[in-house]
Amino acid sequence: MSLNNRALLPGKFKYFAIIFCVGIYSLATVCAKFASLHPFLSKQFLFIYALEILCLAIYAVIWQQLLKVFTLSSAYAFRATSLIWVLM
């Protein structure tokens, strides 16, 4: 008996989940920018850099779960919107 993984998330929620995931990915870029404003290896730099790594770790876990729901081509189409969010 096989499960249809594409039916695990209800309609609108799956789109909210992928937009949320892309938002977390965008936050990693913002953290990198803020980390670059501080001296290298200062406490502020290390804290913000750790936040960036945390954002990327959370993104990686959520992304893998979302790939069970979305096709790869549609997931990457949503991921491309992160460029627009970072430039805002």
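Mentor: Start with a cut-off. A residue counts as buried when its relative accessible area is under 20%, and as exposed when that area is over 50%. Between those limits the label is partly exposed. Keep in mind that this is a predicted model.

Trainee: Take I18, then. Is I18 buried or exposed?

Mentor: Buried. Its relative accessible area is 0%, so I18 falls under the 20% limit.

Trainee: Where does I18 lie?

Mentor: In helix α1, which covers residues 11–35.

Trainee: How many helices and strands does the chain have?

Mentor: Four helices and zero strands. Read from the N terminus, the order is α-α-α-α.

Trainee: Back to I18. Which residues is I18 in contact with, leaving aside neighbours within four places in sequence?

Mentor: Five names to find on the model: W63, L66, F70, A75 and F78. Take F70 as a case. I18 and F70 are 52 residues apart in sequence. Their C-alpha atoms are 9.1 Å apart in space.

Trainee: What do contacts across the chain look like in terms of sequence separation?

Mentor: Consider contacts between residues at least 6 apart in sequence. Of these, 73% join residues at least 24 apart.

Trainee: What is the general idea behind a nonpolar core?

Mentor: In soluble globular proteins, nonpolar side chains tend to be buried together. Now the case here. The largest nonpolar core has twelve residues. I18 is one of them, and W63, L66, F70 and A75 also belong. The others are A17, C21, I24, A28, C55, Y59 and V69.

Trainee: Which helices each supply at least two residues of this core?

Mentor: α1 and α2, the latter spanning 43–66. The largest share comes from α1, with five residues.

Trainee: What share of the chain is buried?

Mentor: Buried residues make up 26% of the 88 residues.

Trainee: And the surface? Which residues form a nonpolar patch there?

Mentor: L27, V30, F34 and L37. Together they have about 380 Å² of accessible area. L27 lies in helix α1, as does I18.

Trainee: Why does L27 count as partly exposed?

Mentor: Because its relative accessibility is 46%, between the 20% and 50% limits. Set that beside I18, at 0%.

Trainee: What is the accessible surface of the chain, and how much of it belongs to carbon and sulfur atoms?

Mentor: The total comes to about 6,400 Å². Carbon and sulfur atoms account for 73% of that surface.

Technical notes:
Residues are numbered from 1 along each chain as its sequence is written. This is a predicted model: local features need pLDDT of at least 70, side-chain atom pairs count only at pLDDT 80 or more; totals for chains, interfaces and linings use all residues. Side-chain values use heavy atoms; hydrogens and water are left out. Buried means under 20% relative accessible area, exposed over 50%, partly exposed in between (1.4 Å probe, protein chains only). Contact means heavy atoms within 4.5 Å. Accessible areas come from the Shrake-Rupley method with a 1.4 Å probe; for residues, only the protein chains shown count as cover. Patches are made of residues with over 30% relative accessible area and no salt bridge: like charges are joined within 9 Å, nonpolar side chains (Val, Leu, Ile, Met, Phe, Trp, Tyr) within 5 Å. A salt bridge is a side-chain nitrogen of Lys or Arg within 4 Å of a carboxyl oxygen of Asp or Glu. A nonpolar core is a set of buried Ala, Val, Leu, Ile, Met, Phe, Trp, Tyr and Cys residues joined through side-chain atoms within 4.5 Å.
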